[in-house]
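Subject: Structure handover and notes

Hello,

Here is the structure I said I would pass on. My notes on what was found follow below it.

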Amino acid sequence: MPEQTAPYDVLITGGTVIDGTGAAPRRADLAVRGGRIVHVGEPAPTATATTVLDAAGLTVTPGFIDLHSHADFSVLAMPDAEACLRQGVTTLVTGNCGLSPFPQAPDEGRDAAGPGTPAGGRWYDLDAFAAAVDEARPALNIAPLIGHGALRTAVMGTGRAPAGDAELASMRALLATAAAQGAFGMSTGLIYAPGSFASTDEIVALAREAAAHDLLYATHMRDEGDHLIEAVREALDVATASRVRLQISHLKAMGPANHGAVDTALAMIDTAVRDGLDVACDVYPYTASSTRLTSRLPDWAMDGGPAALLERLADPETHERILAGLRPAVGRTFLPEGVVLAMMGPGRYSDRIGDSIADVARDEDVEPAAAVLNVLAAHRGEVMIVNHAMAEDDVDTVLRHPSSAVASDGWVLHAPGDGHPHPRNFGTFARVIGHYVRENRVLELADAVRKMTSLPASRLPLPDRGTLAPGQVADVVVLDPAAVTDRATFADPWQYATGVRDVLVAGECVLRGGEVTGARPGRALRRDAARKSPIRNRGTIAGRPA
């Protein structure tokens, strides 16, 4: 055929193609022209290409889509995203757990911005944030969600007050604007202030707005420990009341007393799907989480943000109340030996990064709950932890479930750096292939690839990514499944994964022969269906135009 004999931009020859659909691997060549795949099969012997990649003995897959990241700001500071490229990741979904960099009110603080927030820069809507991403020219793509915590902060600040009709109308107007500008969904972080202050009715009202624009609703649920099942029920109740498409983020069960509860949670998801709801989940392949240390505190302690917390910690009576609220979790969902100080700014405990709360408590001869408050007070409430409290059997169970996508929950995109971050930043996708496919045989390789490509693409949706077929955007990975390895560990996290040889983003080689090329063809993606929606009046924020 003429198309087969015409020059290609890239021709990948001799590889075993896993197309992302879950279909069995097959021997095929893949050709790219103009940033898109134009052929998957056996090109004519006379086919030529500007770049030929010999993939004999290797596997060719779609680029991996990280459905849950917090790289909103770090992609601007680390646009090369080498930690992602070396795992085969070509698209990051940002704005998760209710934390997104937009919208911001003109006088808004940065409490809701999330990990990796740099000084300076404000984005009042998705268009402004996307422009900043495009100006940074990242090596991979960003698919933004809008965070409920950011909506609430823009409209109401960081306090605990319930949202009234006027505040809900403003939040819904801002959400509608984000949908019209191309957001892929809305997220909540119901374990974090200010999202934790929201009632179920508030979430339902916003989920109805999201459903009206066919946006995905991704939720870090209100509890992942002793009240996991109640939290799953709340998420399903929101989906039932709003008919929104629901994504349960990083499904897990925290604390030994709750291990095994993921079986019940998954059964509830299956029942909801049979009843007609659109529900799925995602998971990272580790038995430790990573989050802010403040997330362990009682909700009311964060009313008003970190500055208000510091005032409470300085008051003896309120300090004791916070201690009393924290103590019941110690030994259940908060295991002092397993809570490791990961990242924090200068202060009294800076040299304790990598140590556990139990280590600090022993050295200071205080109870673990008191050690938590001491660390928070010394570092202005801004402390990241790694929390070892999950079970390997639970991770296996969630990974096996047909609806679960793989996601990192990470934000560190380049090594080396400061602190002691979770190894998921560097190894999530490699770990699934190396540990859960090759070593433990929890998954077959084709299904693992599906969970990292077409499944997350279908959730957003990104219809022209996530599979290898003519017409799809040429986000492509060439890897050696026998060699892919996550080298990052909890003890030594700053190590890139190995075994991924080549990565294409929109047909350009960003990793070739195992080395970054310096090409940065990524951009902020927009949801086309959302951009066709009419833009509503943007409402007001605290009496001023939004």
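Which residues form one aromatic cluster with Phe 73? They are Phe 102, Trp 123 and Phe 129. Before going further, please keep in mind that this is a predicted model, and that every value below was computed from it.

Aromatic rings

A search of the whole structure gives six aromatic pairs. One of them is Phe 64 with Phe 429: the ring centres are 5.9 Å apart and the planes lie at 15 degrees, so this pair is stacked. Phe 64 belongs to strand E8 (residues 64–66) and Phe 429 to helix H15 (residues 424–439), so the pair ties together parts that are 365 residues apart in sequence. Both rings belong to buried residues: Phe 64 has a relative accessibility of 0%, and Phe 429 has a relative accessible area of 1%.

Two arginines also lie over ring faces. Arg 321 is placed over the face of Trp 300, at 4.0 Å from the ring centre. Arg 424 is placed over the face of Tyr 284, where the distance to the ring centre is 4.7 Å.

Cysteines

How many disulfides does the count give? It comes to zero. For Cys 97, the nearest cysteine sulfur is that of Cys 281, and it is 14 Å away. Cys 281 is likewise in no disulfide, its nearest cysteine sulfur being that of Cys 97. A disulfide here requires two cysteine sulfur atoms within 2.5 Å, so a separation of 14 Å does not qualify. As for the surroundings, Cys 97 is buried, with a relative accessible area of 4%, and Cys 281 is buried at 0% relative accessibility.

Strands E17 and E18

Strand E17 (residues 339–344) is mostly covered, with five of its six residues buried. Strand E18 (residues 383–388) runs antiparallel to E17, and five bridges join the two. Within this pairing, Met 344 has Val 383 of E18 as its bridge partner.

Asn 387 is also in strand E18. Is Asn 387 buried or exposed? Its relative accessible area is 0%, so Asn 387 counts as buried. Leaving aside neighbours within four places in sequence, Asn 387 is in contact with Met 254, Thr 287, Ala 288, Ser 289, Arg 296, Thr 333, Gly 338 and Val 339.

Helix H11

In helix H11 (residues 316–326), the buried residues are Thr 318, His 319, Ile 322, Leu 323 and Leu 326. They cover an arc of only 150 degrees around the axis, so they sit on the same side of H11. What do the buried residues of H11 pack against? They pack against helix H10 (306–314) and helix H13 (368–378).

An exposed loop position

Ala 491 is in the loop between strand E20 (476–479) and strand E21 (500–505). With 66% relative accessibility, Ala 491 counts as exposed. Pro 421 is 70 residues from Ala 491 along the chain, and their C-alpha atoms are separated by 9.7 Å.

That is the end of my notes.

Regards

Technical notes:
Residues numbered from 1 in each chain as written. Predicted model: local features only at pLDDT ≥ 70, side-chain atom pairs only at ≥ 80, totals over all residues. Heavy atoms only, no water. Buried < 20%, exposed > 50% of the residue type's maximum accessible area, 1.4 Å probe, protein only. Phe/Tyr/Trp six-rings, centres within 6.5 Å; stacked < 30°, edge-to-face > 60°. Helix = DSSP H or I, 4+ residues; strand = E, 2+ residues; numbered from the N terminus. Lys NZ or Arg CZ within 6 Å of the ring centre and 35° of its normal. Pairing = 2+ DSSP bridges. Arc of directions from axis to C-beta. Contact = heavy atoms within 4.5 Å.
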